[in-house]
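I am opening a fresh page for this chain. I want to see how its sheets are put together and what packs on them.

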Amino acid sequence: MAEAVVDQPAKVVSEAHGVDTFHPPQKMFEKHPSKPHISNLEEYQQLYKESITKPHQFWGRKARELLSWSRDFQTVHSGSFEHGDNAWFVEGQLNASYNCVDRHAHADPNRVAIIYEADDPADGRNVTYGELLREVSRTAWVLKQMGVRKGDTVAIYLPMIPEAIIAILACSRIGAIHSVIFAGFSSDSLRDRVTDAGSKVVITTDEGKRGGKLIGTKKIVDDALKQCPDVSHVLVYKRTGSEIPWTEGRDYWWHEEIEKWPAYISPEPVNSEDPLFLLYTSGSTGKPKGVLHSTGGYLLGCAMTGKYVFDIHPGDRYFCGGDVGWITGHSYVVYAPLLLGVTTVVFEGTPAYPNFSRYWDIIEKHQVTQFYVAPTALRLLKRAGDEHVKAQMKHLRVLGSVGEPIAAEIWKWYFEVVGHEEAHVVDTYWQTETGSNVICPLGGVTPTKPGSASLPFFGIEPAIIDPVSGEEIHGNDVEGVLAFKQPWPSMARTVYGAHKRYMDTYLNVYKGYYFTGDGAGRDHEGFYWIRGRVDDVVNVSGHRLSTAEIEAALIEHHSVAEAAVVGVADELTGQAVNAFVAVKAGQDANDALRKELIMQVRRSIGPFAAPKAVYIVPDMPKTRSGKIMRRVLRKILAGEEDQLGDITTLSDPTIVERIIASVHAAK
Ligand code: WT7
């Protein structure tokens, strides 16, 4: 349980150690269509207590309240962290697309489900719930006809267009497992993910459009599929109409296929624990993990956090700037808003195109009520200048932040300049593996401190653990690594085809706990402060990258003998990738090679993983057992050469001087 939570004083209070506490602004309540679902912090505390001490009662009630089940459940939860066999709503059956579409289409077919805001501000369209049901049904027919069956995986490599949502829901309608691959991934990464998941059908577009530029998605798919002999069908949505290569008998046009099928197909009920989707994420080793989420628990996590964290009410227009290729897009572009029957904005472009007002113009134009974005975008937009934030955006009630710590000055800018002090800022901490927000304020309820993700969501029982002793540290004003003490419905169930890896990464690190991989502090009032990853994962613009994966890409280059990648603080992207490379004997270290190495990473993973700097060094700092000491490299880049710590364990301590010299020469 949270050790203690603050009482609710009436206004902003400044504390002795310089941290302000903000309360949900009065103006937010004045513009509210009714009132937040929870009336005050005391009610949160009561419900939170119930969720921790009587989880079966709490989650059983919420699951029946927020989701429609075609068969009811008797067992709310079974299994444990120890055995890695957690199951929720065990006997229950339901269908995700029914919950996201049919129930709202039946009630109100003309309600807008999707506002598509295209890359070009003059384009775009609305999709009503009635239309969504027809589109999802037709696409589900097409997939069925292509041989997709319940339990099969379908690879989705699509930009941010309504068809991405339609494809996702079409999979879930027939009980297939969607595996969305972010459309910024390279053909090699796509190939690996299609192969790992065993997908036989891939859905893509002819091209994508982003920030005024064209992206050759179909070409990337073609390249990837050269090494995926098991893929039998590619469904291609025509986005731009450009000439593209075509493989007869394998490639099919979306618009031609859907015309063949009726506009309704009945949803296939699945077991609560049947998989809903796979989503690949980076871990501390080179191979990406296919994080698997099951149906009932995941959907409940989305609906619950949509309702309580984002204060979603009927008639709201919800805009999450995340991409469907990442978990933020899954949970908060698709599932949370659609489960709750409101309108979701699907934005194809970038916050800087055609100018830095784009987000604010979208919010103004569509009278957006909740906005959710990563701090990296806010840093960019703050730097661009306040003159771009002319829009009034007077419908905004909740402003969400996600993916990385938000610095106090960015938080304040978000609150004051974007929100005009009329919206509640919620900094939400969670992960691909947690499925939905786990440490987060409740919109309109929880007092917040800039930079703190605040208090645990229902059912989440955080523990701060001493990484050295492995013991839980009780009480407040403590620092350590963050773990959770009891299972929650939307937690990932396994890593696809690698359950041992799942156990070893999350559940076997501290027995009886789920380990997040993040460092965190709990302050004197029980508020949580996320400090960042304690493993070899770097966070660039809210994207999670594995240093080992980038190193593996660099080593593929014929000139490279060894590579070490570290994350360094970056003003714009939070962290930036910096690579150290030792070249093979006889290879020249020059600018051309540096460029080639950057290209190598772009090709192997994707442009977003490209190192910002490549340092060619004579050798790596290594222990006598051959382990690269990345800590030393990090210190050198931070200019803390005088704080390298103990380097006597290095096999060759003189190497440090030579590395420092190479770094200085390159800078
Ligand atoms: C990692 C998870 C979950 C959505 C996007 C990222 C970091 C996430 C916060 C936050 C500080 C945060 C953590 C976490 N992170 N949210 N509000 N404050 N750090 O998902 O790619 O699975 O990455 O992002 O380090 O472990 P992801």
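I started at strand 8 (residues 153–157) and strand 10 (residues 201–205): they run parallel and are joined by 4 bridges. I noted that helices (H or I, at least four residues) and strands (E, at least two) are DSSP runs, numbered from the N terminus. Two strands pair if DSSP finds at least two bridges between them. I picked Ile156 and found its bridge partner in strand 10, Ile203.

A caution for myself: this is a predicted model, where local features need pLDDT of at least 70 and side-chain atom pairs count only at pLDDT 80 or more, while totals for chains, interfaces and linings use all residues. Residues are numbered from 1 along each chain as its sequence is written.

**The mixed sheet**

I then traced the whole sheet. It is open, has 8 strands in the order 14-13-10-8-9-16-17-26, and its pairing is mixed. Strand 14 (251–253) and strand 26 (494–495) are the edge strands, each pairing on one side only. I reminded myself that strands of a sheet pair through backbone hydrogen bonds, either parallel or antiparallel.

From strand 10 I moved to strand 13 (residues 233–237). These two strands run parallel, with 5 bridges between them. Val201 stands opposite His233 in strand 13. Strand 13 also runs parallel to strand 14, with 3 bridges. Val234 has Asp251 of strand 14 as its bridge partner.

Is strand 13 mostly covered or exposed? I found it mostly covered: 5 of its 5 residues are buried (20 or more other C-beta atoms within 10 Å of the residue's own, with C-beta atoms placed from the backbone). His233, Leu235 and Tyr237 point one way, Val234 and Val236 the other, and all are buried. In a regular strand the side chains alternate between the two faces of the sheet.

**Helices on the sheet**

Next I looked for helices. Helix 7 (residues 187–197) lies across strands 8, 9, 10, 16 and 17, and runs at about 165 degrees to strand 8. Helix 10 (residues 295–308) packs on the sheet and touches strand 16 and strand 17, its direction making about 85 degrees with that of strand 17. For such angles, axes are lines fitted to C-alpha atoms, for helices over the stretch in contact, and angles run from 0 to 180 degrees between N-to-C directions. Contact means that the C-beta atoms of two residues, placed from the backbone, lie within 7 Å.

Helix 10 is mostly covered, with 14 of its 14 residues buried. I checked its length too. At 1.5 Å a residue its 14 residues should span 20 Å (1.5 Å times one less than the number of residues), and its end C-alpha atoms are 20 Å apart, which agrees.

**The antiparallel sheet**

I found another open sheet, with 5 strands in the order 24-23-25-27-28 and antiparallel pairing. Its edge strands are strand 24 (472–473) and strand 28 (528–533). Strand 27 (residues 514–522) pairs with strand 28 in the antiparallel sense over 5 bridges. There Gly519 stands opposite Gly532.

**The whole chain**

I closed with totals. The chain has 19 helices and 33 strands. Its C-alpha trace spans about 75 × 70 × 55 Å along its principal axes. Buried residues make up 53% of the 667 residues. Among contacts with a separation of 6 or more, 69% come from residues 24 or more positions apart.

Key. A residue is buried if 20 or more other C-beta atoms lie within 10 Å of its own, exposed if 12 or fewer, and partly exposed in between; C-beta atoms are placed from the backbone.
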